[in-house]
Amino acid sequence: MRRYLIRKLITYVLAFFVGATIDWGIPHLMPGNPVQLYLSSFNIRSAAQYEALYKTMSQAFGTNLPLWDQYLHYWSGLVTGHWGISFWDPPAQVTTLIFQALPYTLALLVPAIVLSYTLGNRLGAAAARRRILDNTVLPAGYVFQSIPYPWLALALAYLLAAVLHVFPISGGYDPGLIPAFTWTFISNLLYHWFLPFLTVFLVSLGGWAIGMRNLVIYELENDSSRYLRALGAKERVIRRYAYRNASLPQLSGLALALGVVVGGNIVTEYAFSYPGLGHLIFLAISNEDYFLLQGIFIFIIIGLLVANFVIDIVFVMVDPRIRLSMQGAPS
Amino acid sequence: MSDTLSGPTPASADPAGPAPVAAPVAGTTSPAGPSPPRRRGSDLVYYALHNKKLVFGLSLEALFVLAAIFGPIISPHNMTDYFASNQPPSAQHWLGTDNLGHDLFAEVAAGLQVSYMVGALGALCAALVGMTLGFIAGYRGGLLDDVLQIFTNIMVMIPALVLLIVIGAYLKTRGVLFEGAFIGLTTWPWVARAVRAQTFTLKTREFVDLARMSGKRGWSIVVREIAPNMASYLFLVVILLFGSSMLLAANFDFLGLGPTTATSLGNIMNQSTLWSALQLHLWWWFLPPGLLLTGMVAALLVANVGLDEVFNPKLREQ
């Protein structure tokens with residue numbers, strides 16, 4: 001058990017290290033000099049002026065230092081929370097911008113993941129070895145699983161927003177509103193939230209249903225289920241045991257799928273111009289705000305690590321084998 | 001990626017899995033029949049032809065592949081020609097035209113080819129890397145396995161899309177090859193995991209012990225003894241990877257991070273949002289590409305499930 005935890009911990013620490021290093025490495029290893037790139041946006045005529053500005057800017061950004069020194073600086077900034085100042089929105093700290101966008105992203109992601117996971121699992125388990133349900137849930141599941149996020153976003157926005165005018169076509173709230181804790185604002189928020197949420201939710205739903213259906217079928221064919229049946233247990237009881245066994249691989253599947261859902265969420269936010277982290281990334285790119293881009297990348301990595309850690313803890317609580325071995329039983 | 005599509009059914013991924021999977025169903029052929037490998041093959045063909053899911057999925061996929069091959073040939077217009085802009089579908093322009101007056105049928109036909117290419121490239125890259133690392137980790141075990149496991153787990157946690165966004169911000173021109181390779185190099189971890197787990201259970205079997213005792217080298221044991229016993233599983237993995245690579249590519253392309261040198265299906269959707277096709281109700285611009293992609297991937301998934309049932313007697317309808 002201790003070995004299990006230590007390995008997990010090592011993986012998390014290393015993953016953070018690798019993620020942070022990639023985050024630093026990509027701008028430094030890509031062709032082109034960031035200072036040159038920055039200066040090219042000003043229209044400087046004389047070479048002497050350019051030289052002087054280049055020197056000052058290199059000093060200001062620290063690009064004249066040796067690489068290892070820059071790398072250490074990056075780490076000290078990362079650890080102490082100095083993630084830099086945004087180019088695009090100058091006095092604002094990168095961290096402030098990220099925390100402004102974060103609630104929107106979480107409001108989409110968390111309900112979409114939790115609801116699609118629970119509902120998908122229930123649906124899949126119910127469909128297993130039941131002909132009528134199986135013949136409806138399964139094909140629908142395949143189709144939902146195969147829909148590209150951007151297309152579902154566009155199709156829903158077209159049908160429900162552009163044609164039927166039931167929901168707004170984009171944005172996080174009406175442009176005239178000021179964020180406040182009032183009913184008008186919150187209801188407007190929910191009104192804008194629904195379509196992006198539906199997109200992320202529907203795409204994930206099919207995968208969970210199909211996965212659970214297959215796992216439950218496998219469990220129902222298992223010797224333990226046959227034994228229960230031979231003992232005369234009710235089908236309902238057998239199914240309940242099958243479901244519990246099947247939810248373990250599904251849970252580890254959830255940990256694996258997180259990165260994909262986060263990606264899908266970014267695409268969805270982009271499609272709906274929903275003001276979360278995904279939208280912020282594109283603001284950062286189109287305004288060449290590399291500090292912001294760097295900050296969002298490392299922030300998403302941290303978020304994924306935390307989510308994985310939470311799933312690990314849930315896993316320990318759900319899996320009796322790990323739980324027992326933690327309480328001192330031989331593993 | 002990959003994980004949005006659930007892996008091959010657990011029945012083939014379980015510890016007792018692959019070896020019995022490919023075994024012939026007892027008593028279906030006469031004892032005086034042909035030699036064992038051929039008997040097994042003809043059994044598989046029988047089940048394959050009688051599996052509705054497989055036949056349906058494959059036929060549908062074949063239709064899309066034919067469309068990808070012959071689409072550009074039968075298209076009456078060239079992708080680079082200009083016509084009246086924003087025309088709805090008509091006898092002249094089967095899928096209408098976009099804001100620049102390009103014929104969308106020609107674009108979609110070209111996009112089909114690019115999407116298939118990226119999907120195939122991504123699947124091959126991921127399968128190659130994932131299988132190599134999975135076999136090494138599973139067969140060698142020990143410290144090497146620990147190191148590879150940790151490496152795999154780290155790669156799982158780095159989100160491909162976000163990584164590509166950051167790379168795309170600096171790399172201004174990207175080709176089809178780059179996209180395919182990138183997808184392959186970020187989606188291999190779950191292949192490696194699955195292959196490792198399978199190799200782990202297979203390497204304790206008697207026939208592997210026997211091969212080892214007869215002095216075979218590690219690689220030849222993996223290639224000649226272990227891999228054939230999970231061939232059906234590997235085949236299913238590649239098919240799933242193919243579908244998931246196409247979906248992933250659609251996400252990239254939609255964000256404008258796809259190939260800058262070619263038009264893909266996701267690319268067309270990206271262009272449509274950039275030119276406010278939604279607000280202008282130009283549905284023929286963004287609906288067909290995504291619908292085709294959904295069909296392409298769904299057909300693969302259905303065929304995949306059918307194949308799984310063909311390979312795995314436990315899963316067949318009862």
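This is a quick tour of a predicted model with chains A and B, taking in its core, the contact between the chains, some helix pairs and a few single residues.

**The core**

Let's start inside. The largest nonpolar core has 172 residues. Those with the most contacts inside this core are A:Val216, A:Leu293, A:Ile296 and B:Val191. If you want to know which element puts in the largest share, look at helix α5 of chain B, residues 104-140, with 22 residues.

A:Ile296 is a nice one to zoom in on. Setting aside its neighbours within four places in sequence, A:Ile296 is in contact with A:Ile98, A:Leu277, A:Leu280, A:Ile281 and A:Ala284.

Over in chain B, take a look at B:Leu248, which sits in helix α11. B:Leu248 has 30 other C-beta atoms within 10 Å, and the cut-off for buried is 20 or more, so this residue counts as buried. Its C-alpha atom is separated by 9.6 Å from that of B:Gly122, although the two residues are 126 residues apart along the chain.

**Where the chains meet**

How many residues does each chain bring to the contact? Chain B brings 48 residues and chain A brings 52 residues. On the side of chain B that touches chain A, the elements giving two or more residues are α1 (10-13), α6 (142-157), α7 (160-170), α11 (231-254), α12 (265-274) and α13 (283-311). Of these, α13(B) gives the most, with ten residues. Sorted by class, this side of chain B has 34 nonpolar, eleven polar and three charged residues.

**Two helix pairs in chain B**

Two packed helices are described by the angle between their axes and the distance between the axes. Here are two pairs to compare by eye:

| Helix pair | Angle between axes | Axis distance |
|---|---|---|
| α9(B) and α10(B) | about 150 degrees | 10 Å apart |
| α5(B) and α12(B) | roughly 130 degrees | within 7 Å |

Take α9 (residues 206-213) and α10 (residues 218-229) of chain B, which pack at about 150 degrees. Angles over 145 degrees count as roughly antiparallel, so that is the label for α9(B) and α10(B). The crossing of α9(B) past α10(B) is right-handed. On the α9(B) side you'll find B:Phe207, B:Val208, B:Ala211 and B:Arg212, and these meet B:Ile221, B:Glu225 and B:Ile226 in α10(B). By class, that contact has five nonpolar, no polar and two charged residues.

Now for the other pair, where α5(B) and α12(B) cross at roughly 130 degrees. That angle makes α5(B) oblique to α12(B). From α5(B), the contact uses B:Glu107, B:Val108, B:Gly111, B:Leu112 and B:Ser115, while α12(B) offers B:Leu265, B:Asn267 and B:Ile268. By class, there are four nonpolar, three polar and one charged residues in this contact.

**Two histidines with positive phi**

Most residues other than glycine have a negative phi. A:His165, however, has a positive phi, near 55 degrees. You'll find A:His165 in the loop between α7 (149-163) and α8 (183-220) of chain A. Is A:His165 buried or exposed? A:His165 has 9 other C-beta atoms within 10 Å, and 12 or fewer counts as exposed, so exposed is the answer.

B:His281 also has a positive phi, near 60 degrees. Its place is the loop between α12 and α13 of chain B. With 14 other C-beta atoms within 10 Å, B:His281 is partly exposed.

Notes
Residues numbered from 1 in each chain as written. Chains lettered and ligands numbered in written order. Predicted model: local features only at pLDDT ≥ 70, side-chain atom pairs only at ≥ 80, totals over all residues. Core = buried A, V, L, I, M, F, W, Y, C linked by C-beta atoms within 7 Å. Helix = DSSP H or I, 4+ residues; strand = E, 2+ residues; numbered from the N terminus. Contact = placed C-beta atoms within 7 Å. Nonpolar A, V, L, I, M, F, W, Y, C, P; charged D, E, K, R; others polar. Axes fitted to C-alpha atoms, helices over the stretch in contact; angles between N-to-C directions. Parallel < 35°, antiparallel > 145°, perpendicular 65-115°, else oblique. Left-handed = near helix turned anticlockwise from the far one by under 90°.
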